[in-house]
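Welcome to this guided tour. Please open your viewer, keep the selection panel at hand, and follow along one stop at a time.

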Amino acid sequence: MIADKKSVANLDTQRVFSLKEFFLQWEWVLVGLLVVVIIINSFISPYFLSFKTFLNTPMTFLDKSFIVFPMILVIILGQIDISVASTTALSAVIMAVSYNAGVPMALSMALCLLTGTVCGAINGLLLIKFKELSAVIVTLSTMIIYRGIAYIILGDQASGGFPEWFSFFGWSTVLGIPFITIIFVVSAVLFGILLHKTVLGRTIYGMGFNKTACTYSGIKVDKVIFIVFTLAGLMSAITAIFLTSRMGSTRPNVAMGYELEVITMVALGGVSTSGGIGRIGGPILAVFIIGFLSYGMGLANIQAPVVLVAIGLLLIFSVLLLKFRRKQF
Amino acid sequence: MPEYILELEHITKLFPGVKALDDVHFNLKEGEIHGLMGENGAGKSTFIKTITGVYTPNEGEIRLYGEKVIFSNPLDAQKCGIAAIYQHVTCYPDLTVAENIFVGHEKIHKFSRKINWKEMHAQAQDLLDQLDANFSSKTRMGDLSVARQQIVEIAKALSMNAKIIIMDEPTAALSLHETGELYRITEQLRNDGASIIFISHRLEDIYRLADRVTIFRDASYIGTWPASELDQEKIVSHMVGRPLTKMFPKRDIHIGEEILKVENLSRTGYFRDVSFTLHKSEIVAITGLVGAGRTEVCESLYGITRADAGNIYIAGEKAVISDPVAALLHGIGFLPEDRQKQGLILEWEIGKNITLPVLELYSKYGMLNKNEEQEISNKLAKRLAVKAPNIFSCASTLSGGNQQKVVFAKLLARDLKIIILDEPTKGVDIGAKAAIYEIIGELAEQGYGIIMISSEMPEVLGLSDKIVVMKDGHVSALFTTAGTKQEEILHAAMVKNVYSSQGLGVDS
């Protein structure tokens, strides 16, 4: 047997920590961006740079961030889910309609979560059963269907009149910290663990790069797809609760365009749309970058369409930078 | 007329940190087939790219018909009549054969400046006829087999009036029969006056075709010899730099009890009535032409696809294998044919690849156990002598043979009884082949039952205890390896008519 012992010998080495690689991480670019946005904002408004602003502003934009977490998983998996905003709308409508039909509020909220979960599970099942369909087509169809059902149930009108305590979710603070921020942090920790510390997380990365190899390795790929899409549905329903609580009522056209905002945040956060690459931290930073950017431009009385242009430019610029950086390795 | 039509002298090519070619020589006579051999990483590919103008050498001189030339891009080389046919055919699968042949130099109407389809198809068909190819120039490229796509590539070379044709491992993806066809075409090209550089790992190719052989090792030139002066031992020792003791060490293994029995396994359109048995410590080879249903049978055993009829007994008990998860639970592992697409996650480090099939076994409440994971992959990488700086190296940076060792490590990570190997030495160099044979032998010694699909006669005869020959979805013959001759196997794989009255059931 020909054995080249010298080249096999040092397999026992530990992973070396490279300071260069540590600082080349995409998250540092995002931290820089966030700092720039905050500096610009503080020029626009002298009141911006205060602890209170930092604590309270996120209340205005964190509602959609709950969808960001499962979307990270979906995109790392190499898939996409554009039905999330419709799921949010349908869940919110079911909650409002059932409450107004006499169902207790707590039960209505449970129905809301159930609706979202079922919507996500349907996406997952469709993808598993009809492998020839892409996730874009499946979730595009259900995006239209879920939104359509919301319209059929409620018609083009608002439904509200929720009990006083329901506004707690969107408006109140616990020990000075907004409740939504607390739930955001809890979700971030849970999804961070799921993605980086569990077998499921590792499998999601693997499937993003090479689903076939995962199948041959005995991974239950269908189960993973089902879980991830179901999670996306559940988290969309959580967004529905916070959004409805904040607005006090709901309509079938709420959360319009959220899916694209969420995908923007995930992409800006360094998650590769071709799958396999990305971490939890980047998209979280991106949530705050885009959130503060919109908020600051709002303070400066810049119109919403201009804000959109700015976000679009930011996205394309940073994704190009990201691609360029990946080539360095 | 100079003696050589192509000469390369003192060629050195540097890449950042690597000397890819180190003072290499090569010359090509008119009308010869010149074999170029060397292990993976010996510099063959870089050398070919130097001839075709993809790379410009840092030092050295290229002479064409005795005159010095400098190719600064592939077009220069093409204009001088040099064409290359690569192992992985680079084609446009959705275009027709004619369009593929004339891509970049389409036939244009003189006045209207539109593509002259009639002329293009006529010429393409002419070229195909010259090569005795029995398909039309209007066929969609993607509908052709790899072998036929290669013929199109050859036609493309001819359409550009190539005088020097470089073939980079053309037989690697071909079946026995198709290989024979390629031999015929290659010889025909030579007889028509072309000079051919033929790169191959297969010794048979070289013996059959080459007039002279040049061998590279570790980016250096080792020598050029007439093919008739080189025997197998010599080629191998020149390539590897040290003599191989023995390719197929005969092990004295006691074959144990029956662990797998396949009974009349059928899948409509793919295979029918396949039966064989596998014992502990036994190596059963499944051979036959590509497309005879070998891979399909084994994929059904592993649960990738499901058989429609027939039974599988594992250790005497009937087993239903609905997916790979079930197969693994039954103790059946599978080494797929395409290690890059089916076997590995190339972007991942070695360690993560090795533990992918066993993550769940070593996790608590679904949490990864990184220490134990690292321990397992270290142990297995060492056991299989994977050559890499450490287990954190990316799988894509490994050579073919070492990638295959990592896929083997994935199998050993689980507690298996039966291992199915689909073309385990496909596309790996001769040194790695020997190492893989060694591994297979060791596994049998440890009590694994091994099913090995292979097209390579030497390894079928050298390794196995029993040979199952498949033809058109049926088992056409069963041999005990001892005493079986290569001719008998080939006869069963290609000629023997089995179940001719029943057909395969594709139409019914």
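**Stop 1: chain A, its charges**

Select chain A and colour the charged side chains. There are 21 positive and 12 negative ones, and the centres of the two sets lie 6 Å apart. Keep in mind as you look around that this is a predicted model.

**Stop 2: chain A as a whole**

Switch chain A to a cartoon view, and you can look for 17 helices and 4 strands. Chain A has a radius of gyration of 22 Å, close to the 20 Å from the globule rule for 329 residues, so it is as compact as a globular protein of that length. Turn the C-alpha trace along its principal axes, and chain A spans about 80 × 55 × 35 Å.

Now show the surface of chain A. The accessible area is about 15000 Å², and carbon and sulfur atoms hold 72% of it. How many of the 329 residues count as buried? The share is 52%. Contacts come next: among those in chain A with a separation of 6 or more, 79% join residues 24 or more positions apart.

**Stop 3: chain B as a whole**

Select chain B next. In cartoon view, chain B shows 17 helices and 20 strands. A compact globule of 508 residues would have a radius of gyration near 23 Å, and the 25 Å of chain B agrees with that. The box filled by the C-alpha atoms of chain B, along the principal axes, is roughly 70 × 55 × 50 Å.

With the surface switched on, chain B exposes about 21900 Å², and 48% of this comes from carbon and sulfur atoms. Of the 508 residues, 55% are buried. Colour the charges here too: chain B carries 55 positive and 67 negative side chains, with the centres of the two sets 2 Å apart. For contacts in chain B with a separation of 6 or more, 66% are between residues 24 or more positions apart.

**Stop 4: strand β17 of chain B**

Zoom in on residues 418-422 of chain B, which form strand β17. Is this strand mostly covered or mostly uncovered? It is mostly covered, with 5 of its 5 residues buried.

Show the side chains as sticks. In a regular strand, side chains alternate between the two faces of the sheet. Here B:Ile418, B:Ile420 and B:Asp422 point one way from β17(B), while B:Ile419 and B:Leu421 point the other way.

Which strands pair with β17(B)? One partner is strand β16 of chain B, residues 332-335, which pairs with β17(B) in the parallel sense over 4 bridges. Another is strand β18 of chain B, residues 449-453, also in the parallel sense, over 5 bridges. Click on B:Ile419 to see both pairings: B:Gly333 has B:Ile419 as its bridge partner, and B:Ile419 also stands opposite B:Ile450 in β18(B).

**Stop 5: a sheet of four strands**

For the last stop, stay in chain B and select β12, β11, β14 and β15. In that order they make an open sheet of 4 strands with antiparallel pairing. The edges are β12 (271-279) and β15 (317-318), each of which pairs on one side only.

Finally, look at strands β11 (residues 258-267) and β14 (residues 309-314) of chain B, which run antiparallel and are joined by 5 bridges. To find one such place, select B:Glu263, which stands opposite B:Asn311 in β14(B).

Notes. Residues are numbered from 1 along each chain as its sequence is written. Chains are lettered from A and ligands numbered from 1 in the order in which they are written. Side-chain values use heavy atoms; hydrogens and water are left out. Helices (H or I, at least four residues) and strands (E, at least two) are DSSP runs, numbered from the N terminus. The radius of gyration is taken over C-alpha atoms; the globule rule is 2.2 Å times the number of residues to the power 0.38. Buried means under 20% relative accessible area, exposed over 50%, partly exposed in between (1.4 Å probe, protein chains only). Contact means heavy atoms within 4.5 Å. Accessible areas come from the Shrake-Rupley method with a 1.4 Å probe; for residues, only the protein chains shown count as cover. Lys and Arg count as positive and Asp and Glu as negative; His and the chain ends are not counted. The place of a charge is taken as NZ of Lys, CZ of Arg, CG of Asp or CD of Glu. Two strands pair if DSSP finds at least two bridges between them.
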